[in-house]
Amino acid sequence: MENDDINPWEDLSIVDSLELNTRKFHKSFYWGVDKGTYLLIWKLSKEYDDINFKRIKGDFSSLLKIEHSIKDNKTHVFVKLTNVEQWSIFKTFCQDLIAAVDELKIEDQKIEFFINRLLDWKKFWKKSKRETLSAENIKGLLGELKFLKEFLLNRISGHDAIRAWVGPNPNPQDFSYNKNTYEIKTHDESVQQITISSKEQLTKNTTELYLVVYSLSASNEPLSLNLIDYIKEIKNTLNSSECDMLDQKLNNAGYSYDEEYRKYGYMISAPKFYKVADDFPKITTSNVHASIKDLSYKIPLNVIQKYRLEEDTIKL
C-alpha cells in the first residue's frame, strides 16, 4: 500500500486526455481518473452476472457512485468519487475495501466481502451529503471570498489572509486583521440596500471597523463567478497547508462541494468601502437593550455615502 499522505490520483490527472487513465497499485486493484472523477477499479478474473452487484449499483451519495462493466469477458467494478477534494478520506475508504478481501483466496467470497464492506460504509457516505447553501448564503460567501482573494491576498500571505477570515469561526464580523475588522455585505444590483443581521455586526471592538459592500447580479455569462470555480481559482494561489486552512473555513461556513453550485453564477461589482464611524447609522450592543437577542435591519446605501472611502486609503 502507498504512503497515506500521497494523492495517488494526482499524477494520473496530469495526463491531458478524455480517456480513462489507470495505474495498477495492488494485485487486481487500480487507481483511475476519468473526466474529473477519482476511481478505485477492481478487475475481476471472469464475467459475473448483474445480480452479484445489484445491492451496490448506483449512487451511494452525491459524492460516491458504484458502477460495473464487462470488458474482454471480465467484470470491472468502478468506485467513483465525484468530489476530488475529498480524496484523502476516499483513499482511506478504498484501502479499507481492499483490506477486507486481501487475504481471501476465492474470488466469489471476495466479491461478497467487498459488497458487505461497501454497505458498511454506505451510512457514512450518506451522512456526508450536506444541504446546499441558500441563494442568499451563496451570495454572502462569494462576497467574503472576493474580499479574501482581491483585497487580502494581494496584500498579505495566504496563511495570514485565511486566519483573518474569522466569520466562519463564528465571529460577529467577517474579517479581523491587525486591529481592524471588516464586515462584508452583498446585495442584489436592483436593491440598493444592505441587511445587518445582528446588533453585534456593526459594533466596533477594534481600532477601525469597515463595511465592504458588493453588488451582485445573477448571470450565466463566461465571466460570472460561481463558488466551485472561484474556490478553485483561490486555491491555485495557495500552498497545500493554506488550502487545508481554507477548506476548514469553508466547512465551518457550511460549504461542501456540490455540482449544484454551478447553477448559481453572478457578476460581482468592485467593492465599496465605508468607515463605520461613531455617527454611522447603526444598531449596536451599546444602544439596544441587552435582553433583545435577535434583530435585523436594513440600511439604504444612499444614506451612508458620506462614510465612503477609496480602497487605496485602507491601511492594513
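This tour moves through the structure stop by stop, saying what to select in the viewer and what can be found there. Keep in mind throughout that the model is predicted.

**Stop 1: helix 1**

Begin by selecting Glu-10, which is found in helix 1, residues 10-13. Is Glu-10 buried or exposed? With a relative accessibility of 52%, Glu-10 counts as exposed, because the cut-off for that word is over 50%. Now add Val-33 to the selection and compare the two C-alpha atoms: Glu-10 and Val-33 are 23 residues apart in sequence, while the distance between their C-alpha atoms is 8.8 Å.

**Stop 2: the largest nonpolar core**

Next, select Leu-145, Phe-147, Leu-148, Leu-152, Tyr-182, Leu-227 and Tyr-255, which are the residues that touch the most other members of the largest nonpolar core, a set of 39 residues. Several elements each supply at least two residues of this core, including helix 4, helix 5 (158-164), strand 8 and helix 7 (240-252). Which element gives the most to this core? Helix 4 does, with eight residues.

Stay a little longer with Tyr-182 and display its surroundings. Leaving aside residues up to four places away in sequence, Tyr-182 touches a list of residues that includes Phe-147, Phe-151, Gln-173, Leu-209, Tyr-210 and Ile-314. Apart from the largest core lies another core, of 32 residues, and selecting Leu-40, Leu-81, Phe-90 and Trp-121 will show you some of the residues among them.

**Stop 3: the second largest pocket**

Now turn to the second largest pocket, whose volume is about 710 Å³. This pocket is lined by 28 residues, and those closest to its centre are Glu-136, Asn-137, Gly-140, Glu-144 and Lys-185, which make a convenient selection. Helix 4, which you have already visited, supplies at least two residues of the lining, as do strand 8 (180-188) and strand 9 (193-196). If you colour the lining of this pocket by residue type, you should find nine nonpolar, 11 polar and eight charged residues.

**Stop 4: the salt bridges**

Side chains of opposite charge can pair when their charged atoms come close. The structure holds 18 salt bridges, and a few of them are worth selecting in turn.

Select Lys-149 and Glu-233, which form a salt bridge whose closest N and O atoms are 3.4 Å apart. The pair links distant parts of the chain, since Lys-149 belongs to helix 4 (residues 135-152) and Glu-233 to helix 6 (residues 227-235), 84 residues apart. Lys-149 counts as buried, at 19% relative accessibility, whereas Glu-233 counts as partly exposed, at 36%.

Then select Glu-208 and Lys-275, whose side chains meet in a salt bridge with an N to O distance of 3.6 Å. Glu-208 lies in strand 10 (residues 208-218) and Lys-275 in strand 12 (residues 272-275), so this pair ties together parts that are 67 residues apart in sequence. Glu-208 is buried, with a relative accessible area of 18%, while Lys-275 is partly exposed, with a relative accessible area of 31%.

For another pair, select Arg-262 and Glu-259, where the closest N and O atoms of the salt bridge are 2.8 Å apart. Arg-262 counts as partly exposed at 37% relative accessibility, and Glu-259 also counts as partly exposed, at 42%.

Finish by selecting Glu-85, Lys-235 and Asp-247 together, because here salt bridges link the three residues in a network.

How values were computed:
Residues numbered from 1 in each chain as written. Predicted model: local features only at pLDDT ≥ 70, side-chain atom pairs only at ≥ 80, totals over all residues. Heavy atoms only, no water. Salt bridge = Lys/Arg side-chain N within 4 Å of Asp/Glu carboxyl O. Helix = DSSP H or I, 4+ residues; strand = E, 2+ residues; numbered from the N terminus. Buried < 20%, exposed > 50% of the residue type's maximum accessible area, 1.4 Å probe, protein only. 1 Å grid on protein atoms, 1.4 Å probe; cavity = no way out; pocket = protein on both sides within 12 Å on 5 of 7 lines; lining within 4 Å. Points joined across faces, edges and corners; volume = space filled by probe spheres on them. Nonpolar A, V, L, I, M, F, W, Y, C, P; charged D, E, K, R; others polar. Core = buried A, V, L, I, M, F, W, Y, C linked by side-chain atoms within 4.5 Å. Contact = heavy atoms within 4.5 Å.
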